[in-house]
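Work through the exercises below with the sequence and the model side by side. Each task is followed by a worked solution.

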Amino acid sequence: KKQEPLRVMISGAPASGKGTQCELITKKYDLVHIAAGDLLRAEIAAGTENGRRAKEYMDKGQLVPNEIVVTMVKERLMRPDSQEKGWLLDGYPRSLSQAVALKEFQPDLFILLEVPEEILVERVVGRRLDPVTGRIYHLKYSPPETDEIAARLTQRFDDTEEKVKLRLLTHRQNVESVLSMYKDTIFQVDGSVSKEEVFAQIDGALTQLLEAKE
Ligand code: AP5
């Protein structure tokens, strides 16, 4: 008999490691990764009107208005692949109103990555992205495997010390109200250790969940 798919949300401050853990989780559990920030950057890259508007807010480290974000995320969650394989929602909801707008999509697990703020700035400033594979690197903690990859790495437009401080402020203003919506499913993870050690904590919880669903 076919098992019910996993539904997971992952949250945490900017650069707490959400995207990095999502790479590891999807590799093992084959969930559909839906990242609000990635969807917005795709709109910017495509030059749409929503992308143009979104960038104004992202440049200031503020939340993009719900009328852009909510429909975009819901539409992705409702597609057949997300419904069949299960989903991993990254960077959404970021406010109480976003959580309310999504109340028909309740997670089995709400992962919260906890990382002290001193570490976050260093993670942001050293982050690099591979435009070919979409993989996330860090100059010090996850350096590229080859010179060829190193030569093509790019940086995100909002990855400066100044902008990450604004993003952190927005995060601090909203996090408590979001957590209050997921009290029963919150799984707190120490995100300050190596990415493999962070994944080991998450992997343990997801394995247990799957066993419970069987
Ligand atoms: P978004 O793209 O979601 O950015 P963010 O929340 O600031 O998170 P990041 O992507 O910066 O970090 P991450 O936690 O994924 O960390 P990563 O794994 O890359 O949002 C951007 C903007 O879009 C927002 O500011 C907002 O304007 C808008 N937006 C997005 N969602 C929205 C919503 N729902 N509503 C409204 N607006 C929205 O790791 C960071 C670095 O650290 C990497 O270099 C990585 O290699 C390294 N690293 C990771 N783990 C470890 C580890 N364990 N040890 C050492 N290094 C590590």
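The exercises treat a predicted model and go from the sheet to the core, the ligand shell and single residues.

**Exercise 1.** Determine the strand order of the five-stranded open sheet and name its edge strands.

Solution.
- Step 1. The five strands run in the order β2-β3-β1-β4-β7, and their pairing is parallel.
- Step 2. Two strands, β2 (32-35) and β7 (186-190), pair on one side only, and they are the edges.
- Step 3. Direction ignored, neighbouring strands in this sheet are turned by 20° against each other on average.

**Exercise 2.** Describe how β3 is paired with β1 and with β2, and state how far β3 is covered.

Solution.
- Step 1. On one side, β3 (residues 86-90) pairs with β1 (residues 6-12) over five bridges in the parallel sense. Within β3, Trp87 is the residue opposite Arg7.
- Step 2. β3 also pairs with β2, again in the parallel sense, over four bridges. Here Leu88 of β3 has His33 opposite.
- Step 3. Four of the five residues of β3 are buried, so the strand is mostly covered.

**Exercise 3.** Which residues have the most contacts inside the largest nonpolar core, and what does Ala36 touch?

Solution.
- Step 1. The largest nonpolar core holds 37 residues.
- Step 2. Those with the most contacts inside this core are Val8, Ala36, Val73, Leu88, Ile111 and Ile202.
- Step 3. Setting aside residues up to four places away in sequence, Ala36 touches Val69, Val73, Gly91 and Tyr92. Val73 is thus both a partner of Ala36 and another of the residues with the most contacts in the core.

**Exercise 4.** Characterise the shell around the ligand by its nearest residues, its composition and the elements that supply it.

Solution.
- Step 1. The shell counts 34 residues, of which Pro14, Gly19, Gly37, Arg127 and His138 come nearest to the ligand.
- Step 2. By class, 14 shell residues are nonpolar, 14 are polar and six are charged.
- Step 3. At least two shell residues come from each of α1 (18-29), α2 (36-46), α3 (49-58), β6 (136-138) and α10 (195-213).

**Exercise 5.** Place Lys195 in its element, list its contacts and decide whether it is buried, partly exposed or exposed.

Solution.
- Step 1. Lys195 belongs to helix α10.
- Step 2. Beyond its neighbours within four places in sequence, Lys195 is in contact with Gly17, Thr20 and Ser142.
- Step 3. Lys195 has 17 other C-beta atoms within 10 Å. A residue is buried from 20 or more and exposed at 12 or fewer, so Lys195 is partly exposed.
- Step 4. From C-alpha to C-alpha, Lys195 and Arg127 are 14 Å apart in space, with their positions 68 residues apart in sequence.

**Exercise 6.** Locate Ala15 and Asp30, give their phi angles, and decide for each whether it is buried or exposed.

Solution.
- Step 1. Ala15 sits in the loop between β1 and α1. Its phi is positive, about 65°, although Ala15 is not a glycine.
- Step 2. Ala15 is buried because it has 25 C-beta neighbours inside 10 Å.
- Step 3. Asp30 sits in the loop between α1 and β2. Asp30 is not a glycine either, yet it has a positive phi of about 55°.
- Step 4. Asp30 is exposed because 12 other C-beta atoms lie within 10 Å.

**Exercise 7.** Where is Pro93, and is the peptide bond from Tyr92 to Pro93 cis or trans?

Solution.
- Step 1. Pro93 is in the loop between β3 and α6 (96-101).
- Step 2. With omega near -5°, the peptide bond from Tyr92 to Pro93 is cis.

Key
Residues are numbered from 1 along each chain as its sequence is written. This is a predicted model: local features need pLDDT of at least 70, side-chain atom pairs count only at pLDDT 80 or more; totals for chains, interfaces and linings use all residues. A nonpolar core is a set of buried Ala, Val, Leu, Ile, Met, Phe, Trp, Tyr and Cys residues joined through C-beta atoms within 7 Å. Two residues are in contact if their C-beta atoms, placed from the backbone, lie within 7 Å. A residue is near a molecule or strand if its C-beta atom, placed from the backbone, lies within 6 Å of it. Ala, Val, Leu, Ile, Met, Phe, Trp, Tyr, Cys and Pro count as nonpolar, Asp, Glu, Lys and Arg as charged, and the others, Gly among them, as polar. Two strands pair if DSSP finds at least two bridges between them. Axes are lines fitted to C-alpha atoms, for helices over the stretch in contact, and angles run from 0 to 180 degrees between N-to-C directions.
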